[in-house]
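Colleague: I should like to understand how the terms used for a model such as this one are justified. May we go through them in turn?
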Amino acid sequence: MIVANKNKIVKLAENLTADEQTSGRSLWADARTRFMGNKAAITSLVILVLIVLFSFVGPYFAVWTYEQIDWNTMGSAATLGMPSIETGHYFGTDDLGRDLYSRVIQGTQISLMVGIVGATIAVVVGTLYGATSGYIGGRTDQIMMRIVDILMAIPFMFVLILLLVVFGRSIIMLFVGIGLLSWLDMSRIVRGQTLNLKNKEFIEAAQATGVSDYKIIIRHIVPNLLGIVAVYATLLVPGIIIAESFISFLGLGVQEPKTSWGALISEGAGTINYDTEWQLLVPLSFFIVTLFCIYFIGDGLRDALDPKER
Amino acid sequence: MNHKTIMQVENLKVHFDVSSEGDMPWTKRKKLQAVNGVSFELKSGETLGIVGESGCGKSTLARAIISMVPSETGRVLWFGKDLLALQKTEMRKHRKEIQMIFQDPLASLNPRMTIGEIIAEPLKTHYPKTSKADIKARVEDVMNKVGLLENLINRYPHEFSGGQCQRIGIARALILKPKLIICDEPVSALDVSIQAQVINLLMDLQKEMDLTLIFIAHDLSIVKHISTKIMVLYMGNMVELAKSEDIYNHPRHPYTQALISAVPIPDPKIEKNKDLILIEGDLPSPINPPSGCVFRTRCKKAQDICSQEKPELKEAVSSHEVACHFHD
């Protein structure tokens with residue numbers, strides 16, 4: 001009786017002071033606050049957003065399109081194709097007299113798209129595959145993970161190059177190739193984490209209640225994995241961009257007249273002896289700045305989501 | 001209160017395969033006998049306390065009853081229906097009648113879900129068509145019952161203390177109005193003052209909702225407080241099963257006697273003068289249990305027959321079962 005009355009009093013006091021149903025601070029909200037406090041990560045995020053915005057807004061300020069050839073500068077890029085506001089070639093021209101400003105914008109779009117699509121495929125496929133494998137365990141786990149091992153044993157670059165050679169150079173093929181292989185590491189990491197989570201009591205509680213395996217994976221395991229997945233995905237994006245750049249550098253990536261950072265860097269590197277260093281430096285600085293930003297964001301995310309590990 | 005039998009466990013055995021270092025895939029695995037032939041009957045409204053030292057198979061027994069751990073032999077009759085023989089999907093339907101409360105209050109709650117979502121989960125699982133308003137009303141109702149404020153519904157588990165977390169766990173177990181709740185050491189992770197609160201809450205709820213409890217603990221005084229019947233386990237074997245006060249006042253098995261004598265008495269004069277029965281030696285390996293009576297290696301009364309013949313669980317006096325050749 002006394003307990004009941006006391007409860008009522010406590011409740012009354014609580015009602016007077018706190019408003020109804022204050023929402024709690026979720027782990028995500030906590031992580032967001034920590035992330036906001038990380039200056040390097042926030043600066044990187046701002047720069048990255050500016051770069052993305054530039055790739056969408058930039059074309060409105062362009063005088064030339066990315067495939068138009070300025071016949072005046074063609075052949076004399078070193079003298080007439082210098083970066084200048086008067087000619088409308090803000091970043092100069094390339095060897096063929098095309099506007100580098102427009103081409104860098106085009107390249108930024110393609111490279112970021114490849115990175116993001118590749119990472120998305122890796123996140124979705126890798127997370128579900130790894131979580132399923134780890135949660136079910138036993139023989140299923142063995143078989144699923146040996147498949148990953150076998151796929152991993154195949155040299156990634158070799159397969160990608162082969163795909164592009166056999167099926168022709170197209171951006172779709174590039175996505176397929178990168179998507180096929182990028183989820184392997186992710187699924188391994190996720191599986192390891194799932195094995196860890198699987199023995200937690202809240203999973204057991206869900207099993208005892210009769211929640212189906214599918215719902216346990218979706219509702220209990222995946223949300224608890226998202227922290228590590230988010231971190232790993234941000235670190236995966238640069239890897240994929242580099243892979244695409246390498247393929248494009250080899251001349252197997254995107255098709256002319258479209259371009260990407262890797263292709264631009266390759267062209268710029270080819271003409272470095274002709275006093276046209278901007279052809280290399282402009283795409284290269286975009287490339288490096290973006291990768292730096294993404295790595296810093298990934299680092300910031302890791303610190304924010306896993307404060308204990310610092 | 002009508003004392004209808006709701007659950008009968010008959011000769012339940014759980015064995016685990018243990019692989020040791022250097023085993024080849026074809027080597028025969030060693031058997032670890034976690035639960036070895038446990039039988040009991042549970043009547044509606046009763047509380048069965050299960051005690052025993054760490055690793056004696058208490059938790060495994062609880063998990064085997066609701067087939068979370070596969071059992072070797074035996075039957076678990078739930079209103080006459082053998083739960084162990086059911087298909088997985090059919091078993092799922094019965095899960096709403098038997099709920100469980102866990103040892104570590106915080107670990108048993110998903111850190112990414114609000115407590116409203118956590119408590120509502122069993123309801124959503126078994127009655128997916130319940131409307132949102134209904135769910136909320138039921139959750140708030142059950143939160144009230146366990147003494148949690150309704151306005152905490154959107155909070156996350158890490159914002160609560162251990163005792164509150166255990167209340168959330170209890171609320172989750174109660175929301176489906178189950179008939180049986182299995183409490184797996186629900187208070188061992190809490191400090192003493194909170195232990196009392198949680199135990200009293202459980203007892204109040206039991207009266208109010210006509211619950212049957214299986215209460216696992218290694219603290220005899222708590223078990224005595226809440227249980228109507230107590231089962232003592234030693235290395236997966238039942239050594240004694242009797243009414244709570246009988247076990248406490250007249251323990252008949254040497255192991256139980258030692259356990260009871262170890263319970264501190266809150267009176268320094270008596271405590272000082274009581275003779276403590278010490279159990280010597282270590283717990284034998286469950287992979288290679290002693291022949292005959294499992295307790296004989298540490299028992300003062302052990303004689304030749306103990307190593308040859310395993311004592312059956314027999315009624316010493318009415319409703320007091322003991323498994324010992326030389327019980328008191």
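Modeller: Certainly. Two strands are said to pair if DSSP finds at least two bridges between them. The model before us is predicted. In it, B:Leu77 has B:Asp82 of E5(B) as its bridge partner.

Colleague: How do you know that strand E4 (residues 73–78) of chain B and E5(B) pair?

Modeller: There are two bridges between E4(B) and E5(B), in the antiparallel sense. The definition asks for at least two, so the two strands pair.

Colleague: What makes strand E2 (30–43) and strand E5 (81–82) of chain B edge strands?

Modeller: Each of them pairs on one side only. They belong to an open sheet of four strands in chain B, with the order E2-E1-E4-E5 and antiparallel pairing.

Colleague: Which helix packs on that sheet?

Modeller: Helix H1 (residues 58–65) of chain B does, touching E1, E2 and E4 of chain B. The direction of H1(B) makes about 65° with that of E2(B).

Colleague: Why is strand E10 (residues 237–243) of chain B called mostly covered?

Modeller: A residue is buried if 20 or more other C-beta atoms lie within 10 Å of its own. Six of the seven residues of E10(B) are buried, and therefore the strand is called mostly covered.

Colleague: How do you know that E10(B) pairs with strand E12 (residues 320–322) of chain B?

Modeller: They share three bridges in the antiparallel sense; at least two are required, so they pair. In E12(B), B:His320 is the bridge partner of B:Ala242.

How values were computed
Residues are numbered from 1 along each chain as its sequence is written. Chains are lettered from A and ligands numbered from 1 in the order in which they are written. This is a predicted model: local features need pLDDT of at least 70, side-chain atom pairs count only at pLDDT 80 or more; totals for chains, interfaces and linings use all residues. Two residues are in contact if their C-beta atoms, placed from the backbone, lie within 7 Å. Axes are lines fitted to C-alpha atoms, for helices over the stretch in contact, and angles run from 0 to 180 degrees between N-to-C directions. A residue is buried if 20 or more other C-beta atoms lie within 10 Å of its own, exposed if 12 or fewer, and partly exposed in between; C-beta atoms are placed from the backbone.
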